[in-house]
Amino acid sequence: MKQSSDRLQSRCERAGLAAIHAKVMAGERLSEADGLALYRNPDLHAVGALANYVREAKHGDHTYFNVNQHINYTNVCNKLCRFCSFQRLPGQEGAYVMRPEEVAQKIREQLHEPVTEVHVVGGVYPRLPYSYYIDILQAIKRERPSIHIKAFTMVELMQIARLAKKPLAEVLPELQAAGLDSCPGGGAEVFAKRVHDEGYHVKNTGEEWLEAAKTVHQAGLRSNCTMLHGHIETIEERVDHLNRLRLLQDETGGFQTYIPLSFHNEGNEWSHLPGPTAMDELREIAVGRLMLDNIEHIKAYWIMLGIPIAQTALSFGANDVDGTVVEEKIYHEAGATTPQAVERDELIRWIRDAGRIPVERDTLYRVLWAEDEVPA
Ligand code: V47
(Lines give C-alpha, C1' and ligand atoms only; values in the text may rest on other atoms or scores of the structure.)
Protein backbone atom coordinates (compact mmCIF):
# COMPACT_ATOMS: atom_id res chain seq x y z
CA MET A 1 0.00 0.00 0.00
CA LYS A 2 2.77 2.38 1.06
CA GLN A 3 4.61 1.48 -2.14
CA SER A 4 1.63 2.36 -4.33
CA SER A 5 1.04 5.68 -2.56
CA ASP A 6 4.75 6.54 -2.97
CA ARG A 7 4.44 5.64 -6.64
CA LEU A 8 1.45 7.94 -7.05
CA GLN A 9 3.30 10.75 -5.31
CA SER A 10 6.40 10.47 -7.49
CA ARG A 11 4.28 10.13 -10.60
CA CYS A 12 2.43 13.34 -9.71
CA GLU A 13 5.72 15.09 -8.91
CA ARG A 14 7.13 14.13 -12.31
CA ALA A 15 3.96 15.44 -13.96
CA GLY A 16 4.21 18.78 -12.14
CA LEU A 17 1.18 17.95 -10.00
CA ALA A 18 2.91 17.80 -6.60
CA ALA A 19 0.90 20.64 -5.05
CA ILE A 20 -2.42 19.22 -6.27
CA HIS A 21 -1.40 15.74 -5.10
CA ALA A 22 -0.62 17.16 -1.64
CA LYS A 23 -4.03 18.86 -1.47
CA VAL A 24 -5.83 15.70 -2.54
CA MET A 25 -3.98 13.65 0.09
CA ALA A 26 -4.87 16.25 2.74
CA GLY A 27 -8.53 16.21 1.67
CA GLU A 28 -8.29 19.89 0.75
CA ARG A 29 -10.55 21.42 -1.85
CA LEU A 30 -8.91 22.13 -5.23
CA SER A 31 -9.11 25.71 -6.47
CA GLU A 32 -10.31 26.84 -9.89
CA ALA A 33 -6.61 27.38 -10.79
CA ASP A 34 -5.99 23.74 -9.88
CA GLY A 35 -8.87 22.75 -12.16
CA LEU A 36 -7.22 24.62 -15.05
CA ALA A 37 -3.89 22.95 -14.26
CA LEU A 38 -5.57 19.53 -14.41
CA TYR A 39 -7.05 20.35 -17.83
CA ARG A 40 -3.73 21.67 -19.13
CA ASN A 41 -1.46 18.96 -17.78
CA PRO A 42 -0.01 16.88 -20.64
CA ASP A 43 0.24 13.74 -18.49
CA LEU A 44 -3.36 12.52 -18.62
CA HIS A 45 -2.39 9.29 -16.94
CA ALA A 46 -1.06 11.09 -13.88
CA VAL A 47 -4.30 13.10 -13.66
CA GLY A 48 -6.25 9.84 -14.06
CA ALA A 49 -4.20 8.06 -11.40
CA LEU A 50 -4.93 10.83 -8.93
CA ALA A 51 -8.65 10.67 -9.73
CA ASN A 52 -8.52 6.89 -9.41
CA TYR A 53 -6.98 7.30 -5.97
CA VAL A 54 -10.00 9.38 -4.87
CA ARG A 55 -12.42 6.93 -6.51
CA GLU A 56 -10.87 3.98 -4.69
CA ALA A 57 -10.67 5.86 -1.39
CA LYS A 58 -14.41 6.55 -1.60
CA HIS A 59 -15.73 3.40 -3.25
CA GLY A 60 -12.94 0.81 -3.45
CA ASP A 61 -13.61 -1.32 -6.53
CA HIS A 62 -17.39 -1.02 -6.27
CA THR A 63 -18.98 0.06 -9.53
CA TYR A 64 -22.66 0.84 -9.61
CA PHE A 65 -25.24 0.10 -12.28
CA ASN A 66 -29.00 -0.19 -12.34
CA VAL A 67 -31.67 -1.87 -14.40
CA ASN A 68 -33.43 1.04 -15.99
CA GLN A 69 -35.49 2.10 -18.94
CA HIS A 70 -35.48 5.43 -20.80
CA ILE A 71 -38.62 7.02 -22.19
CA ASN A 72 -38.41 10.16 -24.34
CA TYR A 73 -42.07 11.19 -24.45
CA THR A 74 -41.68 13.82 -27.18
CA ASN A 75 -38.98 15.15 -29.47
CA VAL A 76 -40.91 18.32 -30.26
CA CYS A 77 -39.03 21.24 -28.77
CA ASN A 78 -38.92 25.01 -29.07
CA LYS A 79 -35.48 25.54 -27.57
CA LEU A 80 -33.50 25.24 -30.83
CA CYS A 81 -30.25 24.21 -29.16
CA ARG A 82 -27.52 24.07 -31.77
CA PHE A 83 -25.97 20.87 -30.38
CA CYS A 84 -29.22 18.90 -30.38
CA SER A 85 -30.05 16.27 -33.02
CA PHE A 86 -33.13 14.98 -31.23
CA GLN A 87 -35.39 18.04 -31.49
CA ARG A 88 -38.10 18.44 -34.12
CA LEU A 89 -40.50 21.29 -34.82
CA PRO A 90 -44.25 20.61 -34.68
CA GLY A 91 -45.32 18.89 -37.91
CA GLN A 92 -41.75 18.23 -39.01
CA GLU A 93 -41.02 14.75 -40.34
CA GLY A 94 -40.24 12.40 -37.48
CA ALA A 95 -41.87 14.62 -34.83
CA TYR A 96 -43.78 12.64 -32.20
CA VAL A 97 -45.58 13.03 -28.89
CA MET A 98 -46.49 9.93 -26.90
CA ARG A 99 -49.94 9.80 -25.39
CA PRO A 100 -49.93 8.81 -21.70
CA GLU A 101 -51.29 5.44 -22.81
CA GLU A 102 -48.25 4.98 -25.08
CA VAL A 103 -45.94 5.79 -22.19
CA ALA A 104 -47.82 3.18 -20.13
CA GLN A 105 -47.34 0.69 -22.97
CA LYS A 106 -43.56 1.25 -22.87
CA ILE A 107 -43.63 0.36 -19.18
CA ARG A 108 -45.80 -2.73 -19.82
CA GLU A 109 -43.34 -3.95 -22.45
CA GLN A 110 -40.64 -4.24 -19.77
CA LEU A 111 -42.69 -5.76 -16.96
CA HIS A 112 -40.86 -9.07 -17.41
CA GLU A 113 -37.51 -7.34 -16.71
CA PRO A 114 -36.33 -6.39 -13.20
CA VAL A 115 -36.46 -2.65 -14.01
CA THR A 116 -36.22 -0.42 -10.93
CA GLU A 117 -36.02 3.01 -12.60
CA VAL A 118 -37.58 4.82 -15.52
CA HIS A 119 -35.71 7.86 -16.84
CA VAL A 120 -38.25 10.18 -18.49
CA VAL A 121 -37.21 13.26 -20.47
CA GLY A 122 -38.49 15.07 -23.53
CA GLY A 123 -38.46 18.27 -25.52
CA VAL A 124 -40.22 21.45 -24.46
CA TYR A 125 -43.45 21.48 -26.47
CA PRO A 126 -45.66 24.33 -25.25
CA ARG A 127 -48.85 22.77 -26.61
CA LEU A 128 -48.69 20.06 -23.94
CA PRO A 129 -50.84 21.10 -20.97
CA TYR A 130 -49.80 20.81 -17.33
CA SER A 131 -52.15 17.82 -16.95
CA TYR A 132 -50.10 15.88 -19.53
CA TYR A 133 -47.09 15.73 -17.20
CA ILE A 134 -49.23 14.61 -14.26
CA ASP A 135 -50.91 12.02 -16.50
CA ILE A 136 -47.66 10.42 -17.67
CA LEU A 137 -46.35 10.14 -14.11
CA GLN A 138 -49.60 8.54 -12.97
CA ALA A 139 -49.75 6.23 -15.98
CA ILE A 140 -46.25 4.92 -15.20
CA LYS A 141 -47.02 4.28 -11.52
CA ARG A 142 -50.29 2.58 -12.43
CA GLU A 143 -48.44 0.06 -14.60
CA ARG A 144 -45.54 -0.50 -12.25
CA PRO A 145 -46.17 0.97 -8.78
CA SER A 146 -42.73 0.02 -7.44
CA ILE A 147 -40.76 1.79 -10.17
CA HIS A 148 -38.69 4.88 -9.32
CA ILE A 149 -39.53 7.74 -11.69
CA LYS A 150 -36.50 9.92 -12.43
CA ALA A 151 -38.09 12.51 -14.67
CA PHE A 152 -37.83 15.98 -16.16
CA THR A 153 -34.69 18.06 -16.47
CA MET A 154 -34.65 21.52 -14.91
CA VAL A 155 -35.61 22.91 -18.34
CA GLU A 156 -38.77 20.80 -18.47
CA LEU A 157 -39.57 21.61 -14.84
CA MET A 158 -39.41 25.34 -15.59
CA GLN A 159 -41.80 24.79 -18.49
CA ILE A 160 -44.15 22.71 -16.31
CA ALA A 161 -44.22 25.46 -13.67
CA ARG A 162 -44.98 28.01 -16.40
CA LEU A 163 -47.91 25.88 -17.56
CA ALA A 164 -49.17 25.41 -14.01
CA LYS A 165 -48.89 29.19 -13.49
CA LYS A 166 -47.29 28.55 -10.11
CA PRO A 167 -43.78 28.77 -8.71
CA LEU A 168 -41.77 25.57 -9.14
CA ALA A 169 -41.71 25.10 -5.35
CA GLU A 170 -45.50 24.76 -5.41
CA VAL A 171 -45.60 22.51 -8.47
CA LEU A 172 -43.07 19.97 -7.22
CA PRO A 173 -45.30 18.55 -4.44
CA GLU A 174 -48.01 17.99 -7.06
CA LEU A 175 -45.57 16.17 -9.34
CA GLN A 176 -44.32 14.15 -6.35
CA ALA A 177 -47.88 13.21 -5.45
CA ALA A 178 -48.34 12.00 -9.04
CA GLY A 179 -45.21 9.83 -8.83
CA LEU A 180 -42.06 11.91 -9.40
CA ASP A 181 -39.22 10.46 -7.28
CA SER A 182 -36.08 12.27 -8.49
CA CYS A 183 -34.74 14.30 -11.42
CA PRO A 184 -32.07 13.61 -14.06
CA GLY A 185 -29.12 15.90 -14.64
CA GLY A 186 -29.58 17.01 -18.23
CA GLY A 187 -30.09 20.47 -19.66
CA ALA A 188 -27.24 22.12 -17.74
CA GLU A 189 -24.95 22.19 -20.83
CA VAL A 190 -22.26 24.78 -19.94
CA PHE A 191 -23.41 27.54 -17.61
CA ALA A 192 -21.21 30.33 -19.06
CA LYS A 193 -23.25 33.12 -20.67
CA ARG A 194 -21.00 33.27 -23.75
CA VAL A 195 -21.64 29.61 -24.57
CA HIS A 196 -25.34 29.89 -23.70
CA ASP A 197 -25.80 32.90 -25.97
CA GLU A 198 -24.01 31.27 -28.87
CA GLY A 199 -25.35 27.75 -28.57
CA TYR A 200 -28.72 27.69 -26.81
CA HIS A 201 -29.90 31.22 -26.25
CA VAL A 202 -33.62 30.30 -26.13
CA LYS A 203 -33.06 27.93 -23.27
CA ASN A 204 -32.97 28.96 -19.63
CA THR A 205 -29.70 30.43 -18.39
CA GLY A 206 -27.17 28.65 -16.21
CA GLU A 207 -28.34 30.71 -13.23
CA GLU A 208 -31.92 29.58 -13.83
CA TRP A 209 -30.85 25.93 -14.09
CA LEU A 210 -29.03 26.21 -10.76
CA GLU A 211 -31.96 27.97 -9.11
CA ALA A 212 -34.34 25.24 -10.29
CA ALA A 213 -31.99 22.52 -9.02
CA LYS A 214 -31.87 24.27 -5.65
CA THR A 215 -35.67 24.33 -5.51
CA VAL A 216 -35.78 20.63 -6.44
CA HIS A 217 -33.36 19.77 -3.63
CA GLN A 218 -35.31 21.93 -1.17
CA ALA A 219 -38.42 19.91 -2.06
CA GLY A 220 -36.56 16.81 -0.82
CA LEU A 221 -35.85 15.40 -4.28
CA ARG A 222 -32.37 14.24 -5.28
CA SER A 223 -31.07 15.03 -8.76
CA ASN A 224 -28.03 14.49 -10.94
CA CYS A 225 -25.91 17.05 -12.72
CA THR A 226 -24.12 17.15 -16.05
CA MET A 227 -21.84 19.21 -18.26
CA LEU A 228 -21.97 18.93 -22.04
CA HIS A 229 -18.33 19.23 -23.12
CA GLY A 230 -16.30 19.13 -26.29
CA HIS A 231 -17.90 21.84 -28.45
CA ILE A 232 -17.21 25.59 -28.26
CA GLU A 233 -16.52 25.91 -24.54
CA THR A 234 -13.11 26.83 -23.10
CA ILE A 235 -11.45 25.06 -20.19
CA GLU A 236 -12.02 28.20 -18.09
CA GLU A 237 -15.76 27.85 -18.78
CA ARG A 238 -15.65 24.18 -17.82
CA VAL A 239 -13.92 24.95 -14.53
CA ASP A 240 -16.47 27.68 -13.82
CA HIS A 241 -19.28 25.18 -14.49
CA LEU A 242 -17.79 22.59 -12.13
CA ASN A 243 -17.25 25.23 -9.48
CA ARG A 244 -20.86 26.39 -9.67
CA LEU A 245 -22.09 22.81 -9.29
CA ARG A 246 -19.79 22.36 -6.31
CA LEU A 247 -21.03 25.56 -4.63
CA LEU A 248 -24.67 24.55 -5.02
CA GLN A 249 -23.85 21.11 -3.66
CA ASP A 250 -22.27 22.74 -0.59
CA GLU A 251 -25.59 24.46 -0.02
CA THR A 252 -28.06 21.64 -0.69
CA GLY A 253 -26.23 18.29 -0.86
CA GLY A 254 -28.89 17.25 -3.38
CA PHE A 255 -26.73 16.05 -6.28
CA GLN A 256 -26.13 12.33 -6.31
CA THR A 257 -24.06 11.92 -9.45
CA TYR A 258 -22.13 14.03 -11.91
CA ILE A 259 -22.17 12.92 -15.56
CA PRO A 260 -19.86 14.58 -18.09
CA LEU A 261 -21.66 14.37 -21.44
CA SER A 262 -19.51 14.24 -24.59
CA PHE A 263 -20.80 16.28 -27.50
CA HIS A 264 -21.80 14.11 -30.50
CA ASN A 265 -21.77 15.97 -33.78
CA GLU A 266 -24.10 14.21 -36.25
CA GLY A 267 -27.36 15.77 -37.38
CA ASN A 268 -27.08 19.09 -35.60
CA GLU A 269 -25.92 22.64 -36.27
CA TRP A 270 -22.52 21.96 -34.75
CA SER A 271 -21.62 19.14 -37.11
CA HIS A 272 -18.48 21.03 -38.17
CA LEU A 273 -17.07 20.71 -34.64
CA PRO A 274 -15.04 17.57 -34.13
CA GLY A 275 -16.26 16.67 -30.63
CA PRO A 276 -14.09 15.25 -27.87
CA THR A 277 -11.55 12.45 -28.31
CA ALA A 278 -11.34 9.44 -26.00
CA MET A 279 -8.52 11.19 -24.13
CA ASP A 280 -10.71 14.28 -23.62
CA GLU A 281 -13.51 12.08 -22.29
CA LEU A 282 -11.24 10.34 -19.80
CA ARG A 283 -9.82 13.67 -18.65
CA GLU A 284 -13.33 15.03 -18.14
CA ILE A 285 -14.21 12.11 -15.89
CA ALA A 286 -10.96 12.58 -13.94
CA VAL A 287 -11.26 16.36 -13.53
CA GLY A 288 -14.91 15.94 -12.46
CA ARG A 289 -13.87 13.45 -9.79
CA LEU A 290 -11.10 15.70 -8.47
CA MET A 291 -12.97 19.02 -8.54
CA LEU A 292 -16.35 17.77 -7.32
CA ASP A 293 -15.15 16.68 -3.91
CA ASN A 294 -18.68 16.87 -2.53
CA ILE A 295 -20.47 14.74 -5.16
CA GLU A 296 -20.26 11.04 -4.31
CA HIS A 297 -20.68 9.44 -7.69
CA ILE A 298 -19.18 10.07 -11.13
CA LYS A 299 -20.96 8.33 -13.98
CA ALA A 300 -19.35 7.01 -17.17
CA TYR A 301 -22.52 6.89 -19.28
CA TRP A 302 -21.76 3.91 -21.51
CA ILE A 303 -24.33 4.85 -24.16
CA MET A 304 -22.40 8.01 -24.86
CA LEU A 305 -18.82 6.88 -24.27
CA GLY A 306 -19.04 3.44 -25.79
CA ILE A 307 -18.24 0.37 -23.76
CA PRO A 308 -14.40 0.35 -24.04
CA ILE A 309 -14.05 3.96 -22.90
CA ALA A 310 -16.65 3.48 -20.15
CA GLN A 311 -14.62 0.51 -18.91
CA THR A 312 -11.40 2.56 -18.99
CA ALA A 313 -13.14 5.46 -17.23
CA LEU A 314 -13.60 3.16 -14.24
CA SER A 315 -9.86 3.68 -13.63
CA PHE A 316 -10.03 7.46 -14.22
CA GLY A 317 -12.44 8.34 -11.42
CA ALA A 318 -15.81 6.93 -12.47
CA ASN A 319 -17.68 4.54 -10.20
CA ASP A 320 -20.99 4.22 -12.07
CA VAL A 321 -21.94 3.24 -15.63
CA ASP A 322 -25.71 4.04 -15.69
CA GLY A 323 -27.95 1.10 -16.55
CA THR A 324 -29.54 -1.17 -19.09
CA VAL A 325 -31.40 1.79 -20.72
CA VAL A 326 -33.60 -0.22 -23.22
CA GLU A 327 -34.26 2.54 -25.77
CA GLU A 328 -32.08 5.62 -26.14
CA LYS A 329 -32.86 8.34 -28.67
CA ILE A 330 -30.94 11.54 -27.84
CA TYR A 331 -27.44 10.16 -28.49
CA HIS A 332 -28.43 7.78 -31.23
CA GLU A 333 -29.86 10.69 -33.26
CA ALA A 334 -26.50 12.43 -32.75
CA GLY A 335 -24.41 9.57 -34.09
CA ALA A 336 -23.83 7.24 -31.12
CA THR A 337 -22.93 3.79 -32.38
CA THR A 338 -23.43 1.97 -29.08
CA PRO A 339 -26.33 -0.49 -28.76
CA GLN A 340 -29.68 0.91 -27.56
CA ALA A 341 -29.79 -1.46 -24.64
CA VAL A 342 -27.72 -3.95 -22.78
CA GLU A 343 -28.64 -6.95 -20.67
CA ARG A 344 -27.97 -6.85 -16.94
CA ASP A 345 -25.52 -9.77 -17.25
CA GLU A 346 -23.59 -7.96 -19.96
CA LEU A 347 -23.17 -4.87 -17.80
CA ILE A 348 -21.92 -7.08 -14.99
CA ARG A 349 -19.45 -8.75 -17.33
CA TRP A 350 -18.00 -5.41 -18.54
CA ILE A 351 -17.56 -4.13 -15.01
CA ARG A 352 -15.90 -7.37 -13.93
CA ASP A 353 -13.70 -7.28 -17.04
CA ALA A 354 -12.52 -3.80 -16.05
CA GLY A 355 -11.28 -5.29 -12.78
CA ARG A 356 -14.07 -3.82 -10.68
CA ILE A 357 -16.84 -5.24 -8.49
CA PRO A 358 -20.36 -4.82 -9.92
CA VAL A 359 -23.02 -3.49 -7.57
CA GLU A 360 -26.63 -3.19 -8.63
CA ARG A 361 -28.20 -0.11 -7.06
CA ASP A 362 -31.55 1.59 -7.09
CA THR A 363 -31.75 5.23 -8.18
CA LEU A 364 -30.91 6.45 -4.67
CA TYR A 365 -27.81 4.21 -4.51
CA ARG A 366 -29.30 1.69 -2.13
CA VAL A 367 -27.54 -1.59 -2.83
CA LEU A 368 -29.75 -4.28 -4.34
CA TRP A 369 -27.02 -6.78 -5.11
CA ALA A 370 -23.24 -6.75 -4.83
CA GLU A 371 -21.04 -9.38 -6.37
CA ASP A 372 -18.69 -9.46 -3.40
CA GLU A 373 -21.56 -10.21 -1.01
CA VAL A 374 -23.14 -13.00 -3.03
CA PRO A 375 -21.44 -16.30 -3.82
CA ALA A 376 -20.95 -16.66 -7.59
O1 V47 B 1 -29.52 17.63 -21.71
C2 V47 B 1 -28.17 16.57 -26.30
C3 V47 B 1 -27.22 16.22 -23.98
C4 V47 B 1 -28.59 15.51 -22.35
C5 V47 B 1 -26.45 16.07 -27.49
O6 V47 B 1 -29.26 12.09 -14.94
C7 V47 B 1 -26.15 15.89 -26.15
O8 V47 B 1 -28.74 9.99 -14.82
C9 V47 B 1 -24.08 15.21 -26.72
O10 V47 B 1 -28.81 14.40 -19.35
N11 V47 B 1 -24.28 15.38 -28.02
C12 V47 B 1 -29.59 14.43 -21.98
N13 V47 B 1 -24.97 15.46 -25.77
C14 V47 B 1 -28.92 13.21 -21.39
C15 V47 B 1 -28.75 13.33 -19.89
C16 V47 B 1 -28.52 12.12 -19.07
C17 V47 B 1 -28.11 10.95 -19.66
C18 V47 B 1 -27.92 9.82 -18.86
C19 V47 B 1 -28.16 9.84 -17.51
C20 V47 B 1 -28.59 11.03 -16.93
C21 V47 B 1 -28.88 11.06 -15.47
C22 V47 B 1 -28.77 12.18 -17.70
O23 V47 B 1 -27.88 15.11 -23.47
C24 V47 B 1 -29.10 16.85 -22.75
C25 V47 B 1 -27.90 17.44 -23.42
O26 V47 B 1 -27.04 18.02 -22.48
N27 V47 B 1 -27.22 16.22 -25.45
N28 V47 B 1 -27.71 16.48 -27.56
C29 V47 B 1 -25.44 15.80 -28.46
N30 V47 B 1 -25.63 16.03 -29.76
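This passage describes the nonpolar core, one buried histidine and the ligand site of a predicted model. Residues are numbered from 1 along each chain as its sequence is written, and side-chain values use heavy atoms, with hydrogens and water left out. Local features need pLDDT of at least 70 and side-chain atom pairs count only at pLDDT 80 or more, while totals for chains, interfaces and linings use all residues.

The largest nonpolar core (buried Ala, Val, Leu, Ile, Met, Phe, Trp, Tyr and Cys residues joined through side-chain atoms within 4.5 Å) has 116 residues. Phe152, Leu157, Leu175 and Trp209 have the most contacts inside this core. Its top contributor is helix α6 (residues 130-143), which gives 7 residues; helices are DSSP runs of H or I with at least four residues, and strands are E runs with at least two. Beyond its neighbours within four places in sequence, Leu175 is in contact (heavy atoms within 4.5 Å) with Tyr130, Ile134, Leu137, Leu157, Ile160 and Leu180.

Strand β6 (residues 222-229) holds His229. With a relative accessible area of 2%, His229 is buried, a term for values under 20% (1.4 Å probe, protein chains only). Its contacts outside the four-place sequence window include Arg238, Pro260, Phe263, Asp280 and Glu284.

Turning to the ligand, 23 residues surround it (heavy atom within 4 Å), of which Phe83, Lys150, Gly187, Glu189 and Tyr331 come nearest. A nitrogen atom of the ligand lies 2.8 Å from a backbone N or O atom of Phe83. For Lys299, a side-chain N or O atom is 2.8 Å from a ligand oxygen atom. Taken alone, the ligand exposes 620 Å² (Shrake-Rupley method, 1.4 Å probe), and the protein buries 95% of that.

Key
Buried means under 20% relative accessible area, exposed over 50%, partly exposed in between (1.4 Å probe, protein chains only). A polar contact is a pair of N or O atoms within 3.5 Å; within protein, one must be able to donate a hydrogen and the other to accept it, and residues adjacent in sequence count only if both atoms are side-chain atoms.
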